[in-house]
Amino acid sequence: MYNLLRKDFIALKSSLWIIILYFVVFSAAFIPKSEMSIYFVGIYTAFGSIILGTMIDIKNNNHNFLVTLPISRKHIVKAKYIAAIMYALFGILASYGIHWLVKLEYPELNKPAFSGLDIMASIGMVLVLTSIYMPLFYALSKKGAAIINAVFMLALIILAQPAAFYLNMMSEKGVFEGQTLLLIPIGILLLFIASYYLTIFLFNRKDL
């Protein structure tokens with residue numbers, strides 16, 4: 001498992017500048033103009049990194065090579081899901097860090113106060129996106145990857161503002177309190193686990 005994760009990060013190392021570019025561009029585009037920028041910057045950077053990692057696998061035919069090794073397909077999928085969690089944490093925490101600096105150095109932007117709940121909500125949204133994306137990626141792989149990525153990026157652009165507004169509205173109304181605050185992460189976790197097993201099933205059926 002460790003070596004599979006190491007493979008992912010070594011492969012991504014040469015494209016690290018793209019992730020940094022994502023982060024810089026999204027920060028410059030959203031922070032000065034949007035109150036919801038902490039969600040946009042973190043989610044876009046995290047999910048862009050996940051997509052980049054899967055595209056590198058396709059470009060290098062990594063799956064075709066890995067299935068010839070004494071490694072179970074289950075472990076290949078598990079490593080990809082763990083990597084997705086790491087990308088999510090990186091993107092969201094980097095977003096929180098840059099917003100903390102901006103709030104400190106540029107108080108005239110009047111950025112709202114951010115809490116741990118904002119971080120958890122952003123991570124949850126990335127995990128939901130990953131839960132939908134991964135089964136589609138492993139089912140269609142090389143043939144449909146470009147289409148999947150285009151559809152997801154377009155959906156992010158169209159739905160990001162309404163989703164962030166809805167999250168903020170629910171937070172202001174106190175929806176994320178008590179029992180609901182516990183049920184939402186449990187639901188996201190169950191969706192993520194179900195997605196993982198579905199992806200294993202689809203990948204095992206795929207002829208590589």
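1. A word on terms before anything else: a residue is called buried here when its relative accessible area is under 20%. Keep in mind too that this is a predicted model. By that cut-off, Y133 is buried, and F137 is as well. The two sit 4 residues apart in helix 6 (residues 116–172), so about one helical turn separates them. Their ring centres are 6.1 Å apart with the planes at 15°, which makes the pair stacked.

2. Now the overall picture. The protein has 7 helices and 0 strands, so you can read the element order from the N terminus as α-α-α-α-α-α-α. Of its 208 residues, 43% count as buried. Take the contacts between residues at least 6 apart in sequence: 81% of them join residues at least 24 apart.

3. Helix 3 against helix 5 deserves a look. Helix 3 (residues 37–59) packs on helix 5 at an angle of about 150°, and the axes are 8 Å apart. Angles over 145 degrees count as roughly antiparallel, so that is the label for this pair at about 150°. The crossing is right-handed. On the helix 3 side the contact includes S37, I38, V41, G42 and I43, and also S49, G53 and D57. From helix 5, the residues taking part include K80, A84, Y87, A88, F90, G91 and H99. Sorted by class, this contact has 11 nonpolar, 9 polar and 2 charged residues.

4. Helix 2 against helix 5 is another one to check. The axes of helix 2 (residues 16–30) and helix 5 (residues 73–105) come within 12 Å and cross at roughly 40°, which makes helix 2 oblique to helix 5. This crossing is right-handed. I19, F23 and S27 are the helix 2 residues in the contact, and they meet F90, A94, S95 and I98 of helix 5. The class count here is 5 nonpolar, 2 polar and no charged residues. Note that F90 and S95 of helix 5 turn up in the contact with helix 2 and also in the contact with helix 3.

5. I98 is a handy residue to click on. I98 belongs to helix 5 and is partly exposed, at 24% relative accessible area. Setting aside neighbours within four places in sequence, I98 is in contact with F23, S27 and I31. What is the C-alpha to C-alpha distance between I98 and I38? It comes to 8.8 Å, with their positions 60 residues apart in sequence.

6. Then the aromatics. Searching the whole structure turns up 13 aromatic pairs. In one of them, Y81 and F192 have ring centres 5.2 Å apart and planes at 70°, so the pair is edge-to-face. This pair links distant parts of the chain, with Y81 in helix 5 and F192 in helix 7 (residues 178–205), 111 residues apart. Are Y81 and F192 buried or exposed? Y81 counts as buried at 3% relative accessibility, and F192 is buried too, at 9%.

7. One last group to display: Y22, F26, F30, F40 and Y44 form one aromatic cluster. Y22, F26 and F30 fall within the range of helix 2 (residues 16–30), while F40 and Y44 fall within that of helix 3 (residues 37–59).

How values were computed:
Residues are numbered from 1 along each chain as its sequence is written. This is a predicted model: local features need pLDDT of at least 70, side-chain atom pairs count only at pLDDT 80 or more; totals for chains, interfaces and linings use all residues. Side-chain values use heavy atoms; hydrogens and water are left out. Axes are lines fitted to C-alpha atoms, for helices over the stretch in contact, and angles run from 0 to 180 degrees between N-to-C directions. Angles under 35 degrees count as roughly parallel, over 145 as roughly antiparallel, 65 to 115 as roughly perpendicular and the rest as oblique. A crossing is left-handed if the near helix is turned anticlockwise from the far one by less than a right angle, and right-handed if clockwise. Contact means heavy atoms within 4.5 Å. Ala, Val, Leu, Ile, Met, Phe, Trp, Tyr, Cys and Pro count as nonpolar, Asp, Glu, Lys and Arg as charged, and the others, Gly among them, as polar. Buried means under 20% relative accessible area, exposed over 50%, partly exposed in between (1.4 Å probe, protein chains only). Rings of Phe, Tyr and Trp (its six-membered ring) pair if their centres lie within 6.5 Å; planes under 30 degrees apart count as stacked, over 60 as edge-to-face and the rest as tilted.
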